[in-house]
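I opened this entry to look up two things, a pocket and a helix packing.

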Amino acid sequence: MKRKTYQTTINAPREKVWAALWGEDTFPKWTAPFSPGSRAVTTWEEGGKILFLNGENEGMVSRVDKKRDNEFMDIRHLGIVDKDGNEDYESEKVKPWADAHEIYTLNPAGDGKTELTVDMDVDEEYEQYMDNTWPKAFSELRAVTEK
């Protein structure tokens with residue numbers, strides 16, 4: 001796995017970007033480039049579990065490792081969940097990316113703008129996919145945030 005950094009500037013203050021990142025209505029919109037119909041089942045509380053699910057109710061089991069509202073969220077990916085709700089933390093399918101982090105940092109960028117940086121542990125198999133998809137996700141995030 002290797003750590004990749006993805007970055008964008010959004011024409012909105014950190015509080016608005018934060019709300020769009022983790023909002024129940026906005027999260028599915030900006031994450032659609034990764035998986036249409038995606039959603040997160042969570043309270044977004046530090047130490048809390050997250051189920052990142054696609055339209056077929058399959059996805060990832062993760063945890064909020066650290067959180068500072070409007071500034072920082074460190075998400076640790078732990079396993080997968082199948083369409084029947086079974087969680088898998090140990091299979092060969094999980095091992096390549098178990099304990100991977102996805103870290104969101106929001107910094108003021110002047111004039112009411114926010115610089116969003118996402119540092120992410122990526123398995124080589126998915127590196128090109130992430131490189132191609134993050135710009136699309138950022139575009140969707142700007143669309144829902146800059147209104």
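I take helices (H or I, at least four residues) and strands (E, at least two) as DSSP runs, numbered from the N terminus. The model is predicted, so I note that local features need pLDDT of at least 70 and side-chain atom pairs 80 or more, while totals for chains, interfaces and linings use all residues. Residues are numbered from 1 along each chain, and side-chain values use heavy atoms, without hydrogens and water.

I looked first at the lining of the largest pocket, where S5 (72-81) gives the largest share, 4 residues. Helix H3 (127-145) and strand S4 (59-68) are among the elements that each supply at least two residues. By class, I find 21 nonpolar, 6 polar and 8 charged residues there (Ala, Val, Leu, Ile, Met, Phe, Trp, Tyr, Cys and Pro count as nonpolar, Asp, Glu, Lys and Arg as charged, the others, Gly among them, as polar).

I then turned to helix H1 (residues 14-22), which packs with H3 at an angle of about 120°, the axes lying 10 Å apart (axes are lines fitted to C-alpha atoms over the stretch in contact, with angles from 0 to 180 degrees between N-to-C directions). H1 and H3 are therefore oblique to each other, since angles under 35 degrees count as roughly parallel, over 145 as roughly antiparallel, 65 to 115 as roughly perpendicular and the rest as oblique.
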